[in-house]
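Here is a short set of exercises to work through with the model open beside you. Try each task before reading its solution.

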Amino acid sequence: MNKNNSRTALTLIEVARKLFAKKGKKNVTMNDIAEESGKSRRTLYMYFKDKDEIYKAVINNELTRIIKCLREISVLNLPPDIKLMRHIISHLDAVKDAVSRNGSLRADFFMDIYEVERSRRAVDKEEHEMIRKILQEGVERKVFKRLDPNLSATIILYTIKGLEVPYIRQNINDEFQRNKIGIIDFVLTGIKRQ
């Protein structure tokens with residue numbers, strides 16, 4: 001078992017997440033994490049060499065929550081257009097949930113956006129493949145027009161990711177929330193057969 005997947009490591013990650021969310025990354029020390037977790041500094045350093053490493057673990061843990069949600073959608077037996085719609089909604093809602101759970105950490109994500117993007121590469125690759133499979137099935141079942149599933153998956157993934165920033169900054173008004181389905185229909189209009 002990876003030492004960062006042990007119960008102790010997961011506890012330390014969750015404690016760090018809560019502290020980062022409350023105070024922001026720069027205002028939390030390794031001492032704070034050890035004290036809040038009830039573990040010794042020595043135990044903390046057995047799992048994480050420094051605050052940056054535990055911060056990366058927090059990011060990865062949040063990304064794991066998001067991809068887990070998307071995996072649950074990918075195995076549902078739904079028509080491809082409905083599955084793609086559910087995928088997009090689940091992605092945006094999972095990101096919104098991650099943001100709302102993490103308070104002050106939100107600002108740190110923007111300051112460390114390159115680190116977040118590096119951590120996301122594997123998750124993005126897996127999500128791209130999920131979308132590609134939905135599109136491929138949609139083409140085969142004649143729900144979607146003939147299209148390049150790989151290229152279209154890339155475009156859809158980047159479209160979804162482009163909508164995340166307003167979610168993270170919480171500049172999305174109630175109108176967006178009410179019209180989420182309309183926005184998704186807009187995305188689907190270009191690929192669905194009429």
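**Exercise 1: The fold**

The protein contains ten helices and zero strands, where helices (H or I, at least four residues) and strands (E, at least two) are DSSP runs numbered from the N terminus. A note before you start: this is a predicted model, in which local features need pLDDT of at least 70, side-chain atom pairs count only at pLDDT 80 or more, and totals for chains, interfaces and linings use all residues. Residues are numbered from 1 along each chain as its sequence is written, and side-chain values use heavy atoms, with hydrogens and water left out.

Task: Write the pattern that the protein follows along the sequence, and find which elements have the lowest and the highest mean pLDDT.

Solution:
- Step 1. Reading along the sequence gives α-α-α-α-α-α-α-α-α-α.
- Step 2. pLDDT is the predictor's confidence in each residue, from 0 to 100. The protein has a mean of 85, and 84% of its residues reach 70 or more.
- Step 3. Helix 6 (residues 105-111) has the lowest mean, 60, and helix 2 the highest, 96.

**Exercise 2: The cores**

Task: Determine which helix gives the most residues to the largest nonpolar core.

Solution:
- Step 1. A nonpolar core is a set of buried Ala, Val, Leu, Ile, Met, Phe, Trp, Tyr and Cys residues joined through side-chain atoms within 4.5 Å. Buried means under 20% relative accessible area, exposed over 50%, and partly exposed in between (1.4 Å probe, protein chains only). Of the 194 residues of the protein, 44% count as buried.
- Step 2. The largest core has 30 residues, and Phe20, Ile33, Leu44, Phe48 and Ile54 touch the most other members.
- Step 3. Two or more residues come from each of helix 1 (7-23), helix 2 (30-37), helix 3 (41-47), helix 4 (51-74), helix 5 (80-101) and helix 7 (113-140).
- Step 4. Helix 4 gives the most, with nine residues.
- Step 5. Another core, of 19 residues, lies apart from this one; Val139, Leu147, Ala153 and Leu188 are among its members.

**Exercise 3: Two lysines**

Task: Place lysine 23 and lysine 142 in the structure, and classify the accessibility of lysine 23 and of lysine 142.

Solution:
- Step 1. Lysine 23 belongs to helix 1. Its relative accessible area is 37%, so lysine 23 is partly exposed.
- Step 2. The C-alpha atoms of lysine 23 and glycine 103 are 8.6 Å apart, although 80 residues separate the two along the chain.
- Step 3. Lysine 142 sits in the loop between helix 7 and helix 8 (149-169). Lysine 142 counts as exposed because its relative accessibility is 58%.
- Step 4. Phi of lysine 142 is near 60°, a positive value in a residue other than glycine.
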